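Dear colleague,

Please find below the structure that I am handing over to you. My notes on what was found in it follow directly after.

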Amino acid sequence: MAPQAPPPYFQISPGPPPKQSRKALLAVLGTVFGLLGLSAGAVVYHISTRPGPTNLSTAGGTPWQKLADGMTAALSARDEEAFLKPFKGNEVREKQRKVFRNLVKIPWAAAHWETQFAAPLNGDMMVTFVHQVKGVDSKPVPEVYNWRVEPGGTAPVITAVSGSKDLMGKTSDTSYYPAPWDFYNDLAVENRGNLVVVADSGQAAEVKRDADVLAQAAKDDLAAWNKAAPPAPAGRESAPGFFVVLEKRRDVYNKLYAGEGRTNDSLEAGVNMPIPAYDSKDTKQLESGGSRIVMDTTQSRFASADWKEGVSEIGRHEMGHALVEPFGTEQVLVQGLQDTQMWVVEGFAEYMAYRGKSDLARADLKASLQGYRFDGTLPESLDFYSNQGQARAAHYALGASALQYMGQKYGEDKVFAFVAAHYADPKQYQRQITDATGLTLQQFQTDWAAYVRTAAGTP
């Protein structure tokens, strides 16, 4: 007997909880540079990444860089008091004590601080925490802080710490602040080699419960990709692992890595946020150093009786995004008008979520198209992330079905080659369809539409 369709990720009020989405993938990319060395600010999510800030300090010889070097040495030596030495005031010291105790729990391949200017400007110093999570990040990535500093004196003193500011005085989206080590007082961490799962210590039991399931999801995605994917160009290899934050508070979920916070998308249950490589200099060719995945654990994927299947599914979906993110090169300036096809982006993540579960995939397609008017065409990017739960669910399922059909007829290696090529050069979309199938886009769409109508019983 065919399995029951899993509950949809999307919420059609009243109804079941939402499906994971990367709506923010298409947010406007805008970089605003401050005058006379003020920190940079930009709106940037998902595919839209930008390089790390340019280091304008004096070759590590300034008092501020020496202070930063001291913090780096203290973290390496796990010397808490040495790390706290430059911070003044009980409140900021105690906050940084918690940051330090969180940082030492993370498996670092690299972790150091770099000042961005030779001297503070109006009492502010921008400094970048350059870090690489071992087994997860392919390259070091930035988190940009603003240190409020005390003027004068013979030794640098820090009186406040926040994310770097934009010209409006708000925390910049491209600060990638706050990270979990900044936000949580006490970090719960599970390290599984190519997977690091973290949460506030209040969710420590959930981290322990979910870590094995998420580790298997990571293993599934990585094994599939490594077996059938085409060779990657040097410097653009797929992600080696994944960093997952579990969070039950929606306001915190929206704030992590997002400066002042992302606009809440009630239809979103998980998000993958790529961070640019710190040494990425070419703004025309984006270079991702790693991704951060945040999941809303109040959703039924985590809370239902069949939670293992739900956690596995959302894990494989979001890790699918992170897996291929390093191939992406497009800067998205206007949401919906990018060359990267959203049905490919979300379809691939769903393909990975349901990989090896063809009956569940077929049940999901049938359930998602109930009451949806299918016109035989692939979903358009402009309205892909519809605010209507039914439409968005259909778009996800249709995107997945296109790649499932491609895989069944032409082989999984063709699916992976198509996805990698499309991320790398989305302007060649129609040629990429032909390379994968031997058909024109129109011919492929016609064949796929017939497959959908048969599989879903749609007229």
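In this predicted model, helix α5 (residues 204-228) packs with helix α12 (residues 412-424) at an angle of about 95°, and their axes are 9 Å apart. Angles of 65 to 115 degrees count as roughly perpendicular, so α5 is roughly perpendicular to α12. On the α5 side, the contact is made by Ala224, Trp225 and Ala228; α12 contributes Glu412, Asp413, Phe416 and Ala420.

A second point of interest is helix α14 (residues 441-456). This helix has 16 residues and reaches 22 Å from its first C-alpha to its last, close to the 22 Å expected at 1.5 Å a residue. Its buried residues are Leu441, Phe444, Gln445, Trp448, Ala449, Tyr451, Val452, Ala455 and Ala456. They cover an arc of only 165° around the axis and therefore lie on the same side of α14. In general, an α-helix has 3.6 residues a turn, so residues three or four places apart point the same way. The buried residues of α14 pack against α10 (358-368), α11 (389-410) and α13 (429-437), whereas Gln442 and Thr454 are exposed on the other side of the helix. Just after α14, Gly457 takes a positive phi of about 65°.

Finally, I would draw your attention to Glu318, which is placed in helix α8 (residues 307-324). Is this residue buried or exposed? Glu318 counts as buried because its relative accessibility is 0%. Its side chain reaches the backbone nitrogen of Asn272 at 3.4 Å.

With kind regards

Definitions and conventions: Residues numbered from 1 in each chain as written. Predicted model: local features only at pLDDT ≥ 70, side-chain atom pairs only at ≥ 80, totals over all residues. Heavy atoms only, no water. Helix = DSSP H or I, 4+ residues; strand = E, 2+ residues; numbered from the N terminus. Buried < 20%, exposed > 50% of the residue type's maximum accessible area, 1.4 Å probe, protein only. Polar contact = N/O pair within 3.5 Å; in protein donor to acceptor, adjacent residues only side chain to side chain. Expected span 1.5 Å × (residues − 1). Arc of directions from axis to C-beta. Contact = heavy atoms within 4.5 Å. Axes fitted to C-alpha atoms, helices over the stretch in contact; angles between N-to-C directions. Parallel < 35°, antiparallel > 145°, perpendicular 65-115°, else oblique.
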